[in-house]
Structure formats: structure tokens, C-alpha cells
Amino acid sequence: MYIVALTGGIGSGKSEASRLFANLGVPVVDTDVIAHQLTAAGSTVLEEINQTFGADFFNPDGTLNRAKLRTHIFNDANERVKLERLLHPAIYNKALDTLQDNQQRLQPIYQLLVVPLLFESNRYQSIVNQTLVIDCDESLQISRAMRRSNLTANEVKKLMLAQTSRKNRCSLADTIIDNNGTVSELAEKINEFHKKLINTCIVSK
Ligand code: ADP
């Protein structure tokens, strides 16, 4: 199994890049998507969240009030740690299971594992073969994230401060793909990365 871990700051274009990799036929495992699935109605994790944080964080229909929980943990580091202890191991295990399942079913040359906080946690680094950072100027990160998520510039800046710095992230990357241009320019760069990696993997097999 060969795993490329994709990361980047908020609004840098991780989702856009993942979509482009998926279009090339690369299996994509996204830890944010898994986090969402694990907190969907009726899940075991949701029950644990209920027991730990209480019914106040649930909507009348029993679904998780994500916005309320997000604000709560953003303002209280201890509460954030509590949620992370509950969620992160479950996300990791599910990601690993999905990667292994993809490998057996599809036998891909490589898979893409999307981990927004790859360099902030040391959970994933031992299972990935190389790291890829999607990067753009901070002003673009802010304007793109504002438009996508209907946030103010200050809200985006606050989220950026909770992540490692752009400089640190780029210094840790094996490869950096610049996303300051258009989506088709990003697609071209991803095609190029994909072709090179496939050739390397085939040659080294
Ligand atoms: P991330 O997943 O890293 O937070 P997204 O991939 O969701 O970021 O990108 C943030 C927003 O910017 C999305 O609405 C996306 O469609 C848009 N976007 C991403 N890359 C580009 C680009 N090169 N040009 C214009 N818009 C882009």
C-alpha cells in the first residue's frame, strides 16, 4: 500500500485537489468526511458525545448541533481535548480500515489520504509514504474560505491561527502544489504529480 497524505491550511484547496485526484481514479480517503460519518445519527461515537457533553449539544431531532459544539470546544481547550480523545482514534481506525479495504478491492498504485491537521498531529505520519501540501497565499485562503463557508475574515483568521503556520507546513512537505492560480492550473499540476508518481511506483515495483 502506497499512501500520499494531502494537507493544507483552511481554504487552500484540499477539497478541490481531492476531487481532481478522484477524477484521475485515485481512491481518496478524507478524514474530515470520516469525522462527519462517525458523528452521523445513530453512531456509537454520537452516543459517547452525548454522554460526555450532554443533550444540550443536540438538535431536537437528535442530530448533533455541530455549530454549538464547534464554538464550545473552540473556546475551551480542555473540552477540545475531551472531544479529540473521543473522535481521533475512531477517525484513525476508520481511515486505516478504508485504506486497507480499498487496497484489497481496487489494488491501486497509490491512495490519497486527506488529513487537514497532518503536521499538527503525529498519528498519521508513520503510515504515509509521502506528504503533499496544497498551498496558496493567505489572502486567497481567507477570501476562498469566506465565500465557501459564509464566514467573516476574522472567523477565518481565527481558524488559521489554530493550525500550524503556512511556513512550517511548507517546510515539512515532501511536495508543495501551488494553488494561487485557476482550478484548471491546479488540475494540470495534479495531473503532472500523478503521472510522475505512477511512473516512479511502477519502476520501483
Ligand atoms: P479546503 O478544503 O482546503 O478548505 P477548498 O478546496 O474547499 O479548500 O477550497 C476553498 C474554496 O475555494 C472552495 O469554494 C473552492 O471551490 C475554491 N477554490 C479552490 N481552489 C481554487 C482555485 N484555484 N481558484 C478558484 N477557487 C478555488
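Contact between two parts of the protein means heavy atoms within 4.5 Å. The legends below describe a predicted model.

**View A. Contacts between domain 1 and domain 2 of the predicted model.** The protein is divided into domain 1, comprising 1-27 + 110-205, and domain 2, comprising 34-107. In this view, 11 residues of domain 1 are in contact with 13 residues of domain 2. The C-alpha centres of the two domains lie 22 Å apart.

**View B. The area buried between domain 1 and domain 2.** The size of an interface is often given as the accessible area lost when the parts come together. Between domain 1 and domain 2, this buried area is about 1100 Å². Carbon and sulfur atoms give 71% of the area. On the side of domain 1, Met1, Gln111 and Arg123 supply 45% of the area that this domain buries against domain 2, more than any other three residues.

**View C. The shell of residues around the ligand.** The ligand is surrounded by 14 residues, of which Lys14, Ser15, Glu16, Arg148 and Asn179 are the closest. By class, the shell divides into 8 polar, 4 charged and 2 nonpolar residues.

**View D. Helices that contribute to the ligand shell.** Helix 1 (14-23) and helix 6 (138-149) each supply at least two residues of the shell around the ligand. Helix 1 gives the most, with 3 residues.

**View E. Polar atoms of Gly13, Ser15 and Gly181 beside the ligand.** Two of the atom pairs shown involve an oxygen atom of the ligand. In one pair, the partner is a backbone N or O atom of Gly13, at 3.0 Å. In the other, a polar side-chain atom of Ser15 lies 2.8 Å from a ligand oxygen atom. A backbone N or O atom of Gly181 lies 2.8 Å from a nitrogen atom of the ligand. The ligand has 560 Å² of accessible area on its own, and the protein covers 79% of this area.

Terms used. Residues are numbered from 1 along each chain as its sequence is written. This is a predicted model: local features need pLDDT of at least 70, side-chain atom pairs count only at pLDDT 80 or more; totals for chains, interfaces and linings use all residues. Side-chain values use heavy atoms; hydrogens and water are left out. A residue is near a molecule or strand if one of its heavy atoms lies within 4 Å of it. A polar contact is a pair of N or O atoms within 3.5 Å; within protein, one must be able to donate a hydrogen and the other to accept it, and residues adjacent in sequence count only if both atoms are side-chain atoms. Accessible areas come from the Shrake-Rupley method with a 1.4 Å probe; for residues, only the protein chains shown count as cover. Helices (H or I, at least four residues) and strands (E, at least two) are DSSP runs, numbered from the N terminus. Ala, Val, Leu, Ile, Met, Phe, Trp, Tyr, Cys and Pro count as nonpolar, Asp, Glu, Lys and Arg as charged, and the others, Gly among them, as polar. Domain bounds come from an automatic or database domain assignment. Buried area is the accessible area (1.4 Å probe) that two parts lose on being put together, summed over both.
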